[in-house]
Amino acid sequence: MEPILHIGGVDVTRLTQALGTPLMVYDEGALRKRLAEFSACFQSPALSTRVVYAGKAFLCKAMARLVNEMGCSLDTVSGGELFCALEAGFPAEKIVFHGNNKTPAELAAAVDAGVGLVVLDSLPECQALTALAGEKRTAMRVLLRVNPGVEAHTHKYIVTAHLDSKFGIAAGRKEELYAVLDELNQSEFVTFAGFHAHIGSQIFDKAAFAAEIEQLAILAQEAEGKGYPVPVLDLGGGFAARYTDADAPIPIPEVCQTILDACLAQKKARNLSLSEVCIEPGRSIVGEAGTTLYTVGWQKETESKRYLFVDGGMADNIRPALYQAEYDCGAAEHMEAAKTETYTVAGKCCESGDILIEEAKLPPMKTGDLLAVYTTGAYCYSMSSNYNHLGRPAVVFAQDGKARLVLRREEPKDLLACETNEVLFDSFSSKKKNEQQEVVL
Ligand SMILES: *Cc1c(COP(=O)(O)O)cnc(C)c1O
């Protein structure tokens with residue numbers, strides 16, 4: 001018998017036999033370890049610190065509970081994520097609420113829930129929140145998202161004056177920036193706590209974070225000079241995960257040390273009142289802990305490719321199609337077999353771009369075999385769709401030889417759960433007595 005892939009001490013073939021495929025399996029111990037490592041490393045005797053898990057990478061009630069158990073805060077970006085967190089019993093005061101276009105209903109939900117921090121994105125949003133908090137006579141603390149002009153996406157970062165991002169207020173737009181701080185100063189209920197920035201994702205370069213901190217410190221120094229204290233800096237996320245052997249993420253202790261050192265150096269050099277620093281890791285917590293299992297279907301050869309079709313694809317992992325993300329994979333039931341073949345792993349969706357891995361090195365695969373695609377823990381389930389009326393996969397947390405189902409598979413009937421034939425507005429009902437009722441909008 002050849003070695004079989006185990007996750008969290010659980011034989012994955014037992015899980016797929018019980019639950020079918022595609023199946024997502026998280027190593028729960030790895031999730032806990034990552035959260036614990038960030039918490040342990042992001043500590044400073046001179047500053048209070050906060051690790052805020054970015055829920056958009058992967059969120060369900062079980063994940064929210066785990067984040068809370070590990071003592072971390074949670075970042076949510078919509079009314080839906082906020083609802084999930086609150087339903088899971090996540091303490092509202094440890095929730096950070098983001099978004100470049102929070103709707104009035106979302107702002108009201110954040111105020112009603114009493115979230116710990118709202119990250120404001122613009123002046124009109126600031127005005128809406130101060131009005132709302134005034135009406136509801138509820139105290140709120142806010143950060144202001146700024147765009148410090150540091151952009152980091154992969155191995156390089158740039159400091160640019162070209163600040164057209166849809167997120168935050170560009171650091172150079174002083175009038176708008178100080179209009180927000182003024183508005184907050186005058187608000188009886190809303191308190192300005194500090195600045196927030198998020199400079200990109202899958203960042204491999206430590207220097208990018210130091211550059212971000214320097215730009216924020218310059219802003220904070222200027223704001224404090226004008227009489228607006230800036231006790232908090234929230235530096236966002238973006239820490240890389242290892243998808244393939246080509247990726248070498250900065251180790252967590254190193255990235256935490258770099259950030260804390262840069263914050264303390266800036267505090268000292270600029271005489272800042274800075275007392276709390278937050279980071280918001282998403283991908284680096286859940287990415288490597290997740291694996292997707294597919295069943296191999298048919299194969300097909302063309303002039304230059306050998307296709308290996310699987311029973312999922314862009315509906316459960318849009319990242320390769322969306323931004324050429326690369327993944328590694330293995331034959332889950334033949335973990336030690338020589339990888340002698342090259343396949344193009346393609347999904348079952350009706351799009352030519354539905355290719356998960358362009359050149360996958362695998363042992364010879366046959367119909368019915370299990371394919372494991374690694375590092376699918378971040379931005380796969382959370383970005384999944386029902387394209388082609390495919391149901392979302394089931395999700396399992398496995399740890400110490402035990403597995404628990406945290407999200408059941410979406411069945412075709414679940415996809416019909418929102419179907420109705422409700423009459424909304426029937427202005428012609430008198431004329432059309434004998435005809436079928438019709439919706440007129
Ligand atoms: C997406 C996002 C994060 C998390 O980013 P990762 O790359 O997953 O670490 C954190 N903060 C904000 C504001 C974000 O938009």
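I will talk through the pockets, the nonpolar cores and one helix of this structure, which is a predicted model.

Let me begin with the pockets. The largest pocket has a volume of about 1,200 Å³, and of the 47 residues that line it, those closest to its centre are His 153, His 198, Gly 200, Ser 201 and Arg 283. If you sort that lining by class, you find 15 nonpolar, 20 polar and 12 charged residues. Several elements contribute to the lining with at least two residues each, namely strand E8 (140–147), strand E9 (150–152), helix H10 (283–286) and helix H11 (319–323), and E8 gives the largest share, which is three residues.

The second largest pocket holds about 380 Å³ of space, and of its 18 lining residues, Glu 326, Tyr 327, Ile 357, Glu 358 and Glu 359 are the closest to the centre. Here the largest share of the lining, seven residues, is supplied by strand E19, residues 355–362, and by class the lining of this second pocket has eight nonpolar, three polar and seven charged residues.

Now to the interior. The largest nonpolar core has 114 residues, and those with the most contacts inside this core are Tyr 53, Phe 58, Met 63, Leu 144, Phe 195 and Val 286. The element that gives the most to this core is helix H8, residues 206–225, with nine residues. To take one residue as an example, what does Met 63 touch, leaving aside its neighbours within four places in sequence? Met 63 is in contact with Leu 31, Tyr 53, Phe 58, Ile 285, Val 286 and Phe 397. There is also a second, separate core of 14 residues, and Leu 23, Ala 372, Ala 394 and Ala 398 are among them.

Finally, I would like to turn to helix H4, residues 79–87, in which Glu 81, Leu 82, Cys 84 and Ala 85 are buried. Looking down the axis of H4, you would see these buried residues fall within an arc of 160°, and so they line one face of the helix. As for what lies against them, the buried residues of H4 pack against helix H3 (61–69), strand E5 (73–76), strand E6 (95–97) and helix H5 (104–113). Just after H4 comes Gly 89, which takes a positive phi of about 85°.

How values were computed: Residues numbered from 1 in each chain as written. Predicted model: local features only at pLDDT ≥ 70, side-chain atom pairs only at ≥ 80, totals over all residues. Heavy atoms only, no water. 1 Å grid on protein atoms, 1.4 Å probe; cavity = no way out; pocket = protein on both sides within 12 Å on 5 of 7 lines; lining within 4 Å. Points joined across faces, edges and corners; volume = space filled by probe spheres on them. Helix = DSSP H or I, 4+ residues; strand = E, 2+ residues; numbered from the N terminus. Nonpolar A, V, L, I, M, F, W, Y, C, P; charged D, E, K, R; others polar. Core = buried A, V, L, I, M, F, W, Y, C linked by side-chain atoms within 4.5 Å. Buried < 20%, exposed > 50% of the residue type's maximum accessible area, 1.4 Å probe, protein only. Contact = heavy atoms within 4.5 Å. Arc of directions from axis to C-beta.
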